[in-house]
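Trainee: I would like to learn how to read a structure feature by feature. Could you walk me through one?

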Amino acid sequence: MNLPLEYIEYMQKLLGSDYSAYIDSLNDNSYHGLRVNRLKISADQFNEIAPFDLDKIPYIDNGFTYSGNNNPAKDAYYHAGLYYLQEPSAMLPANRLLIEEGDRVLDLCAAPGGKAKELAVKIGIKVILYANDISASRAMALLKNLELSGAKNIYVTAETPENLSKKLPLFFNKILCDVPCSGEGMFRKDPSLIKSWVEKGPLYYRDIQRSIVSSAYEMLAHGGLLMYSTCTFSKIEDEENITWFLEKYRDMKLIKIAGYEGFTEGYDGLSECVRVFPHKMMGEGHFLALMKKDEGGLNIAKSELTESKIIKKISKDKKETIEYMLPPYKDNGYRNNIRYLRTGLMLNYSESYAMSLKKDDFDNNLFLSHDDVRIIKYLKGETIFLEGNEYLKKGLGLVFVDDYPLGFVKSDGSTKLKNLYNKGWRMK
C-alpha cells in the first residue's frame with residue numbers, strides 16, 4: 001500500500017511504538033461483517049439457520065463476520081431483510097447510541113443506510129426515525145435499505161442539515177452524526193481512498209463536519225444524546241472538533257461509551273471518546289464521541305402514542321394515488337415544508353409494505369423453503385408456479401422464504417402466478 005509521506009509521519013507521531021503494528025495490520029485482509037435485523041429474527045436464531053459459517057463480533061451483540069468466499073448479498077435471507085452487510089467497526093455508532101421507547105431519532109448523514117437501519121429496528125416500531133442525506137440520489141439507496149428492514153415509523157429526507165434544523169428545532173432525543181471525513185480508517189478496506197486523501201485531506205472536511213454537528217445541536221432536545229463518529233484517525237476531524245464543539249456549546253458534555261477491551265481512549269484528555277485501530281481489534285478505523293445536552297430544567301421531549309394517520313399523494317406519473325401511514329404519535333414530526341422521499345410506511349401493496357408484514361398479518365400466503373429453486377426465480381422477476389398441494393386464492397398473494405416475506409404475486413386461481421416483485425429490487 002503506497003501511503004503518502006505526510007500521512008506516514010502523522011501516524012508515526014500519533015501511534016509511537018504502536019506504529020509498526022498498525023502498518024503490519026494493513027497487510028491483513030479486512031473483515032466482512034453482517035448485522036442481524038432483530039425486527040425479524042434474533043442473532044442466535046439467525047446463526048442457527050444461516051447458510052454460511054459465521055463468527056461472532058465480540059463487541060456487537062447482533063453482529064457477525066463471514067468468509068470473503070461467501071456472497072450473502074445473493075442469498076434469499078438478505079432479500080428478506082434478515083441482515084445487513086456492514087464492516088464490523090462501522091456497526092459501533094448506532095449500536096452504542098441508546099434508543100428508548102418514544103424516542104425521536106435522527107440519522108443526519110444516513111446514506112447508504114446501515115446505521116439508520118439499526119437505529120430503526122433497535123426496539124421495533126416504538127420510535128420515530130428521520131434518516132437524512134443531502135444527496136437525493138444517495139437518499140434513494142438509503143430508502144431501499146430501510147424498506148428492506150421492515151421498519152414502519154420512518155421518514156427519509158434529502159435536506160441540508162441547516163434547513164432541517166430550522167424546521168425541527170429541539171425535536172430529536174437521539175441524533176447520530178456519522179459525518180463525511182477523510183477516510184483514513186478505511187485505507188485497508190478501500191485503498192482508492194488514499195487518492196482522495198491526497199487531493200483533499202482532513203482540513204477539507206473539518207468545517208463541513210463542524211457545520212453538520214452544529215445543525216445537529218440545534219435539533220437536539222434538552223437531555224438528548226448526540227453521537228459523533230468518523231472513520232478517520234485525524235485529530236483535526238476527531239478530538240479537535242469535539243473540543244471546539246464543547247467550547248462552543250457549554251450545555252453539552254461527553255459521556256462514557258459502553259466499553260470493549262480493544263477500544264483505545266481518545267487523545268488530548270478526551271478519555272470518554274473511543275478510537276478503534278485495526279491493529280488492536282477486529283475492524284477498520286473509527287472514532288466515536290457520545291455527548292449529552294443539559295436538561296435545563298425542562299422535560300425531555302418524547303412522542304406519545306395516538307391513532308395512525310393515513311395521507312394520500314398522487315404518483316409522479318399521476319396514474320395512482322399512493323397511501324402512506326404516518327407514525328402513530330401525536331407529534332410524529334411530519335412537516336409539509338420538508339423535502340421527503342418517504343413519509344412513514346408506503347401502503348398500496350408495495351415492497352415496503354410486504355417487508356413490514358409477518359406471516360399472521362396476511363391471509364393468502366405462499367411459503368417456500370430457503371432451498372426452493374423458485375425463490376431465486378421469484379427474486380429475478382420470473383414467473384413461478386404452484387406445486388403439489390400448494391394453493392393461493394385469486395388476487396394478491398404474499399411470497400415467503402421460510403417465515404419471512406419477500407413480496408407479492410397475483411393469482412388468477414391457476415398454478416401460474418404473476419410476479420409483482422419490484423423491478424428495482426430484482427436479483428441480477
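Mentor: We will go through cysteines, aromatic rings, a helix, a lysine and some sheets, keeping in mind that this is a predicted model.

Trainee: Let me start with cysteines. How many disulfides are there?

Mentor: A disulfide is a covalent bond between the sulfur atoms of two cysteines. With a cut-off of 2.5 Å between the sulfur atoms, the count here is zero disulfides. C181 is in no disulfide, and the nearest cysteine sulfur, that of C231, is 3.4 Å away.

Trainee: Why is the sulfur of C231 not in a bond with that of C181?

Mentor: Because the closest cysteine sulfur to that of C231, the one in C181, is 3.4 Å away, which is too far for a bond.

Trainee: And is C181 buried or exposed?

Mentor: C181 is buried, with a relative accessible area of 13%. C231 is buried too, at 19%, just as the cut-off of under 20% requires.

Trainee: Now the aromatic rings. How many aromatic pairs does a search of the whole structure find?

Mentor: A pair of aromatic rings is described by the distance of the centres and the angle of the planes. The search of the whole structure gives 32 aromatic pairs. One of them joins Y217 and Y249, and this pair is stacked, with 4.0 Å from centre to centre and 25° between the planes.

Trainee: Where do Y217 and Y249 lie?

Mentor: Y217 lies in helix α10, residues 202-219, while Y249 is in the loop between α11 (239-248) and β10 (252-255). The pair therefore ties together parts that are 32 residues apart in sequence. Y217 is buried at a relative accessible area of 14%, and Y249 counts as buried at 9%.

Trainee: What does an edge-to-face pair look like here?

Mentor: Take Y421 and W425: their rings form an edge-to-face pair, 6.5 Å centre to centre and 90° between the planes. Both of these residues are buried. Rings can also gather in a cluster, and one aromatic cluster is formed by F46, F52, Y66, Y77, Y78 and Y83.

Trainee: Which lysine lies over the face of Y217?

Mentor: That is K293, at 3.9 Å from the ring centre of Y217. In another case, K56 lies over the face of F64, at 5.5 Å from the ring centre.

Trainee: Back to the helix that holds Y217. What span should the 18 residues of α10 have?

Mentor: At 1.5 Å a residue, α10 should span 26 Å, and its end C-alpha atoms are 26 Å apart, which agrees. The buried residues in α10 include P202, Y205, Q209, I212 and Y217.

Trainee: Can we look at a single residue outside that helix? Where is K377 found?

Mentor: K377 is found in helix α13, residues 373-379. K377 is partly exposed, with a relative accessible area of 39%. Leaving aside residues up to four places away in sequence, K377 touches E382, I384 and N419. The C-alpha atoms of K377 and R426 are separated by 9.8 Å, although these residues are 49 apart along the chain.

Trainee: On to sheets. What is the strand order in the open sheet of five strands?

Mentor: To read a sheet, follow the strands from one edge to the other. In this one the order is β18-β20-β21-β22-β19, and the pairing is mixed. The edge strands, β18 (365-368) and β19 (384-385), each pair on one side only. β18 pairs with β20, residues 395-401, in the parallel sense over four bridges. Within that pairing, F367 has F400 in β20 as its bridge partner.

Trainee: And which strands form the antiparallel open sheet of three?

Mentor: Those are β14-β15-β17, in that order. β14 (310-314) and β17 (345-346) stand at the edges with a single partner strand each, so one side of each is left without a neighbour in the sheet. Five bridges join β14 to β15, residues 321-325, and the two run antiparallel. I311 has Y324 in β15 as its bridge partner.

Trainee: One last strand, please. Which residues cover the two faces of β7?

Mentor: In β7, residues 154-157, I154 and V156 are on one side and Y155 and T157 on the other, and all are buried. β7 runs parallel to β6, residues 128-132, and four bridges join the two. Y130 stands opposite Y155 in β7.

Technical notes: Residues numbered from 1 in each chain as written. Predicted model: local features only at pLDDT ≥ 70, side-chain atom pairs only at ≥ 80, totals over all residues. Heavy atoms only, no water. Buried < 20%, exposed > 50% of the residue type's maximum accessible area, 1.4 Å probe, protein only. Pairing = 2+ DSSP bridges. Phe/Tyr/Trp six-rings, centres within 6.5 Å; stacked < 30°, edge-to-face > 60°. Lys NZ or Arg CZ within 6 Å of the ring centre and 35° of its normal. Expected span 1.5 Å × (residues − 1). Contact = heavy atoms within 4.5 Å.
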